[in-house]
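Let's work through a handful of exercises together. Keep the viewer open and try each task before you read its solution.

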Amino acid sequence: MALSAEQVQAVALLARLRLTDEELAVMTGQLNKIVEYVEQLHEVDTKDVEPLAHPLPISNVFREDRLRPSLPRDVALRNAPDTDGEFFLVPPVLD
Amino acid sequence: MATSTEATPYTIVIGLEVHVQLLTETKLFCGCRNRFGDPPNTNVCPICLGMPGVLPVMNQKAFQLALRAAVALNCQIARFTKWDRKNYYYPDLPKNYQISQYDLPFSHDGYLEIPTADGGTKRVGIIRVHLEEDAGKLLHAERGGKSQVDLNRAGTPLLEIVTKPDMNSPAEARTFLEELRLLLRYLEVSDCNMQEGSLRCDANINLHVQHNGQTVATPIVEVKNMNSFKAVEAAMAYEARRQYEEWLRTGAKLGEVPKETRGWDENRAVTVSQRRKEEASDYRYFPEPDLVPVVVSEQMLQEVRSQIGEFPAQRRLRLAAEYGIPEYDARVIVELGKAFADYFEQFARGLENPKNASNWMLQDVQRTLNAKGWTIEQFPVRPEKLADLVSRIERREINTHAAREVFAEMIESGRDPGAIIAERGLTMVSDEQQLKAIVDQVLDENPKVLEDFKKKKGKKRKQVAGFVRGLIMRQTKGRADAALVERLVNEALVARTGVPLE
């Protein structure tokens, strides 16, 4: 199964990446190589193997519903590109 | 086409997607506080801010509440459940993905029974209930400005409940939501407050139109932005009319046009087109590697079932029947939660007339809880003590005025009502001779009252009697038997002035 340039373009859009035609060509080639590599798995017979939900053989890890300190607001906002001291600020969003 | 049809020539088909916030102390994957209305961005930490390298850990209480809700909704509980990442870009979602459940939700295929207009019941199917995290809140900017992001809500536990398209009228959609709220409040799963957004609802609606002996389905429309139960009902009624008119105009059928999303405009009472989806969104779900799956054991289920006990719909009926209180009171008591209803029952058992218990619960107790921000579990007066107090009103040992004073002190000091009544001398004055003497004395000292009573008519004349009762109450420091005072004052006024009460 080979990925088309259009499929790679669609994935790039979902990841919010803007690719030039040259980049798209390079990415399509590279992604196809990766997919080809992973496709080797098809050679394994998985008829009687249950789908795996998680690689670790652990389940039911919970924490108690107990309060822990949050960050002071100035610390929480410190790395933000833009804030007004109370909120994170972002460019206006069109829904 | 027939010139006039009384009944509409179509059936309305409605399915709901409901989100409720869970009543946990902390968020779903971190220990930040889960609370509405705190100052923006004060309940945040590296986990819910989506910082790299952090590890979410599931809140056990949240999972238990989710199980409780699903069991109460008669759902099949999956023995094995996992979480998935739903990927999309929006500023209220700091990780750029929401941790949700995709192909293995923890529950599916349930139902909720709702009362119908003809006095029967109807089952509304539940397709699935799953547990996910909520997003933050975005405050949209004025033109040209920037939007503000508050991440206090980001990562709080959210239950998504998806119904089958089983509702056939706007009223049924509303009734479903009312029953769901009753159930989830009673079970203390959620406070289901639409104004604060702890219950949110979107609806899918279309029509099955009878046309030339055939049933034609109109395109399904998703309606958003309904902020009250009333709005849901109004939006569904509007949308049904609009779709029928559109069908008459265009004849468009299900599958012929892209799915449309419309928003309810409360002020104009119309739905407004927001977008048409050309294709389904591509969320690229994949299993959440940071969370391990949950295996639900029979023991966990037993525990949840034992916590539920009697269902609210049954309890509501039982309270009304067993205690003879109005159905409205029974409904409100049950809606205030299991613990509140438990308190009511213990309280009511200690009284001659259980209606007094529901009155006290829904007025004095409820007012105190609201003022202090307490739950009923935090209320310091035990139901037996409150019954001790109120039964003294029933036995005419104290009047309601004095009881309120004792009630206030019981909340403050936790002392027994009997001791407080003795210490403050609040025992009711109900000796007729004693009260009659006080009435005579008050009228002797206030001759103007008699003139007023003679001059005024109707309601005004009655107000004069009320004024005299107030004077008596002041004389007796509020301890007089109010019913007896009323009779004695009326008798004295009529006797002294020679004019009737009315």
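A quick definition before we start: helices (H or I, at least four residues) and strands (E, at least two) are DSSP runs, numbered from the N terminus. Also keep in mind that this is a predicted model.

**Exercise 1. Place A:Pro55 in chain A and work out whether A:Pro55 is buried or exposed.**

Step 1: look for the elements on either side. A:Pro55 sits in the loop that runs between helix H2 (21–39) and strand S1 (62–63) of chain A.

Step 2: check the accessible area. The cut-off for exposed is over 50% relative accessible area. A:Pro55 has 66%, so A:Pro55 is exposed.

Step 3: try a distance. A:Pro55 and A:Asn32 are 23 residues apart along the chain, and their C-alpha atoms are separated by 25 Å.

**Exercise 2. Decide how the rings of B:Tyr102 and B:Tyr285 are arranged, then do the job again for B:Tyr323 and B:Phe344.**

Step 1: get the overall count. Over all chains, the structure holds 15 aromatic pairs.

Step 2: take the two tyrosines. The ring centres of B:Tyr102 and B:Tyr285 are 4.0 Å apart and the planes are at 10 degrees, so this pair is stacked. Planes under 30 degrees apart count as stacked.

Step 3: see what the pair connects. It links distant parts of the chain, 183 residues apart: B:Tyr102 is in the loop between strand S6 (97–100) and strand S7 (107–115) of chain B, while B:Tyr285 is in the loop between strand S16 (270–277) and strand S17 (286–287) of chain B.

Step 4: check accessibility. B:Tyr102 is partly exposed at 44% relative accessible area, and B:Tyr285 is partly exposed at 27%.

Step 5: now the other pair. For B:Tyr323 and B:Phe344 the centres are 5.4 Å apart and the planes are at 75 degrees, so the pair is edge-to-face. Here the link is between helix H5 (residues 312–323) of chain B, which holds B:Tyr323, and helix H7 (residues 338–349) of chain B, which holds B:Phe344; the two are 21 residues apart. Both B:Tyr323 and B:Phe344 are buried.

**Exercise 3. Find what sits over the rings of B:Tyr283 and B:Tyr111, then pick out an aromatic cluster in chain B.**

Step 1: over the ring of B:Tyr283 you'll find the charged end of B:Lys86, 4.4 Å from the ring centre.

Step 2: over the ring of B:Tyr111 it's the charged end of B:Arg123, 3.8 Å from the centre.

Step 3: for the cluster, highlight B:Tyr343, B:Phe347, B:Trp360, B:Trp374, B:Phe379 and B:Phe407, which form one aromatic cluster.

**Exercise 4. Describe the surroundings of B:Ser147.**

Step 1: B:Ser147 belongs to strand S10 (residues 147–150) of chain B.

Step 2: with 0% relative accessibility, B:Ser147 counts as buried.

Step 3: list the contacts, skipping neighbours within four places in sequence. From chain A, B:Ser147 is in contact with A:Phe88, A:Leu89, A:Val90, A:Pro91, A:Pro92 and A:Val93. From chain B, the contacts are B:Leu138, B:Leu139, B:His140 and B:Ala141.

**Exercise 5. How many disulfides does the structure hold, and what is the nearest cysteine sulfur to B:Cys32?**

Step 1: the count over all chains is zero.

Step 2: B:Cys32 has the sulfur of B:Cys45 as its nearest cysteine sulfur, 3.6 Å away, and is in no disulfide. The cut-off for a disulfide is within 2.5 Å. B:Cys32 is buried, at 1% relative accessible area.

Step 3: B:Cys201 is in no disulfide either, with the nearest cysteine sulfur, that of B:Cys192, 11 Å away. At 3% relative accessibility, B:Cys201 is buried.

**Exercise 6. Look into the salt bridges, including those of A:Arg66, B:Glu172 and B:Glu239.**

Step 1: the idea is that side chains of opposite charge can pair when their charged atoms come close. The count here is 54 salt bridges over all chains.

Step 2: A:Arg66 and A:Glu64 meet at 3.0 Å, N to O, and both are exposed.

Step 3: B:Glu172 and B:Lys122 have their closest N and O atoms 2.8 Å apart. That pair joins helix H2 (residues 170–186) to strand S8 (residues 121–133) of chain B, 50 residues apart. B:Glu172 and B:Lys122 are both buried.

Step 4: B:Glu239 and B:Arg262 form a salt bridge at 3.7 Å, N to O, and both are buried.

Key: Residues numbered from 1 in each chain as written. Chains lettered and ligands numbered in written order. Predicted model: local features only at pLDDT ≥ 70, side-chain atom pairs only at ≥ 80, totals over all residues. Heavy atoms only, no water. Phe/Tyr/Trp six-rings, centres within 6.5 Å; stacked < 30°, edge-to-face > 60°. Buried < 20%, exposed > 50% of the residue type's maximum accessible area, 1.4 Å probe, protein only. Lys NZ or Arg CZ within 6 Å of the ring centre and 35° of its normal. Contact = heavy atoms within 4.5 Å. Salt bridge = Lys/Arg side-chain N within 4 Å of Asp/Glu carboxyl O.
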